[in-house]
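Me: I'd like a close look at one part here: the surroundings of the ligand. After that, fill in the rest of the chain for context.

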Amino acid sequence: MATEKKPILNELFESRNSYIEKAEKIKKEDFIKTIKSRRSVRNYNQEPVIEKHMKECLELALLAPNSSNLQPWEFFWVKSKENKKKIISYCLGQPAASTAQELVVAVARPDYWKVNQKRMLKLIDEMGEKAPKSIKKYYGVIVPLAYNQGLFSIRGYIKKLAMELRGIKKPTPREPYNKRGMAIWAHKSTALACENLMLSLRAYGYDSCPMEGIDSKRIKKLLGLRNPAEISMVISAGKRAINGVYGKQVRFNSSYFIHEI
Ligand SMILES: Cc1cc2nc3c(=O)[nH]c(=O)nc-3n(C[C@H](O)[C@H](O)[C@H](O)COP(=O)(O)O)c2cc1C
């Protein structure tokens, strides 16, 4: 009798897991309040952001879910007066930057798949016998297969071809397979961390504004970053001035966006 082949990730993620982490109870009202009161603030007052709070919010940003736990991001907290002045001008002088108490540049790092794969393999090594085989296989074999696109993405395109063929008959993992795909890959996770940062700031009593109206090239130069690093956004922080929010929050009818299938 022919044995049926398992789907591609089934074996890897199959749960023979003995680790238990109970789901914490949350007061949803406070969470909803945090989400609903987060607005993009374009004018801040003079109140500083307490350094410890800023640090804690940045740490919370790093708890965002991220692809393969490869953490493809960096956050540059702009502290020196000189750099702040430069970043404000690279944010094209917009008030969300010029009136802010703090500025953070969020950077997507497609290349961190490799940097953090190595860190992860080291961690796994240190775990010794306790490390599940599936984790070793995931970071040692699957991760390079998925994220190493090779010189000029040649590996990526070969993979794409192989996956297209495989995909004719069965569900198959596909992207990323080139530089653009890797940039999208890193930006997805970085943006989630940015949202964590902005919601954390709100929960700590502060406000924020994400900005992509920026000169990314100049910012990269200032930070000493080279390709494939990409600026995801600049996030400003502080406390809203009385007229800090420009108008009521507008969203189109949710039926345009939420679909039940
Ligand atoms: C990726 C991204 C880039 C943005 N860039 C800017 C910007 O450069 N300047 C600005 O004032 N607001 C910027 N915003 C804020 C949006 O305009 C704002 O989120 C939107 O109008 C909805 O308003 P709300 O955030 O108050 O709900 C950006 C938001 C996102 C998510």
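Reply: Helices (H or I, at least four residues) and strands (E, at least two) are DSSP runs here, numbered from the N terminus. This is a predicted model, where local features need pLDDT of at least 70 and side-chain atom pairs count only at pLDDT 80 or more, while totals for chains, interfaces and linings use all residues. Residues are numbered from 1 along each chain as its sequence is written.

Now the ligand. Around it sit Arg39, Ser40, Arg42, Gln94, Ala96, Cys209, Pro210, Met211, Glu212, Gly213, Met233 and Gln249; a residue gets in if its C-beta atom, placed from the backbone, lies within 6 Å. The top contributor to that shell is strand β3 (residues 207-211), with three residues. Sorted by class, the shell has five nonpolar, four polar and three charged residues (Ala, Val, Leu, Ile, Met, Phe, Trp, Tyr, Cys and Pro are nonpolar, Asp, Glu, Lys and Arg charged, the others, Gly among them, polar).

Zooming out, the chain has ten helices and four strands, running α-α-α-β-α-α-β-α-α-α-α-β-α-β along the sequence. The C-alpha atoms fill a box of roughly 75 × 45 × 45 Å along the principal axes. Of the 261 residues, 28% count as buried, meaning 20 or more other C-beta atoms within 10 Å of their own (exposed is 12 or fewer, partly exposed is in between, and C-beta atoms are placed from the backbone).

The largest nonpolar core (buried Ala, Val, Leu, Ile, Met, Phe, Trp, Tyr and Cys joined through C-beta atoms within 7 Å) has 49 residues, and Ile87, Ala97, Val105, Ala106, Leu197, Val234 and Ile235 touch the most other members. Helix α9 (residues 179-203) gives this core the most, nine residues. Skipping neighbours within four places in sequence, Leu197 contacts Cys57, Leu58, Ala61, Val104 and Ile235, with contact meaning backbone-placed C-beta atoms within 7 Å.

For contrast, take Ile32, which belongs to helix α2 (residues 28-37). Ile32 counts as exposed because it has 10 C-beta neighbours inside 10 Å. C-alpha to C-alpha, Ile32 is 35 Å from Asn83, with their positions 51 residues apart in sequence.

One last bit: Trp113, Gln117, Met120, Leu121 and Ile124 in α6 meet Ile135, Lys136, Tyr139, Gly140, Val143 and Tyr147 in α7. By class, that contact has eight nonpolar, two polar and one charged residues.

How values were computed
Two residues are in contact if their C-beta atoms, placed from the backbone, lie within 7 Å.
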